[in-house]
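Trainee: I am new to this structure and should be grateful for a close look at a single part of it. Please choose one strand position and explain how its surroundings are arranged.

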Amino acid sequence: MTQEEKSSLEQRIVDVLKTVYDPEIPVNIYDLGLIYKIDVKDDASVDIDMTYTAPTCPAADFILEDVRQKVDSLKGVTSAMVNLVFEPAWDQTMLSDEAKLELGMF
């Protein structure tokens with residue numbers, strides 16, 4: 001897989017991650033800053049490191065599985081592994097400008 005193909009696939013992954021929401025927050029998980037790493041490998045497998053706004057998130061299993069299924073279903077992805085991490089701890093500084101605007105923080 002060329003670097004250009006990896007970049008294109010990574011952009012499509014970001015696009016699909018922007019369709020995943022925590023049911024309690026009206027902002028997608030990407031703009032919330034919950035995605036820490038997207039690693040597209042040469043064999044088109046994908047490793048994603050993500051976190052939650054709180055370790056006790058009641059929708060945790062739903063969100064994690066939604067991410068895995070949506071990324072895994074993208075054309076060109078051979079497999080998707082989603083790793084739940086809590087370091088660094090998520091905080092509001094990780095919000096994108098779009099998320100801050102949506103949440104009325106500007």
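Mentor: Strands are DSSP runs of E with at least two residues, and helices are runs of H or I with at least four; both are numbered from the N terminus. In these terms, Ile 35 belongs to strand β1, and this residue will be our starting point.

A word on the basis is needed. The model is predicted, so local features need pLDDT of at least 70 and side-chain atom pairs count only at pLDDT 80 or more, while totals for chains, interfaces and linings use all residues. Residues are numbered from 1 along each chain as its sequence is written, and side-chain values use heavy atoms, with hydrogens and water left out. The predictor's confidence in each residue is its pLDDT, on a scale from 0 to 100. For the protein the mean is 94, and 100% of the residues reach 70 or more. Among the elements, strand β2 (residues 45-50) has the highest mean, 98, and helix α3 (residues 97-102) the lowest, 93.

Ile 35 counts as buried because its relative accessibility is 13%; buried means under 20% relative accessible area, exposed over 50%, and partly exposed in between, with a 1.4 Å probe and protein chains only. Leaving out residues up to four places away in sequence, Ile 35 touches Leu 17, Ile 29, Tyr 30, Ile 48, Asp 49 and Met 50, where contact means heavy atoms within 4.5 Å. Val 82 lies 47 residues from Ile 35 along the chain, and their C-alpha atoms are separated by 10.0 Å.

Let us now turn to the sheet. Its three strands form an open sheet in the order β1-β2-β3, with mixed pairing; two strands pair if DSSP finds at least two bridges between them. The edge strands, each pairing on one side only, are β1 (35-40) and β3 (79-84). Strands β1 and β2 run antiparallel and are joined by five bridges, including the one between Asp 39 and Asp 47. These two strands form a hairpin with four residues between them, and Ala 44 in the turn has a positive phi of about 70 degrees. On the other pairing, β2 and β3 are parallel over six bridges. One of these partnerships links Ile 48 to Val 82 in β3.

Helix α1 (residues 3-17) packs on the sheet and touches β1 and β2, its direction making about 145 degrees with that of β1. Such axes are lines fitted to C-alpha atoms, for helices over the stretch in contact, and angles run from 0 to 180 degrees between N-to-C directions.

Finally, there is the nonpolar core, a set of buried Ala, Val, Leu, Ile, Met, Phe, Trp, Tyr and Cys residues joined through side-chain atoms within 4.5 Å. The largest such core has 31 residues, of which Ile 13, Ile 29, Val 67 and Val 71 touch the most other members. Two or more residues come from each of α1, β1, β2, α2 and β3, and α1 gives the largest share, five residues. Val 67, leaving aside neighbours within four places in sequence, is in contact with Leu 17, Val 20, Ile 29, Ile 48, Met 50 and Val 82.
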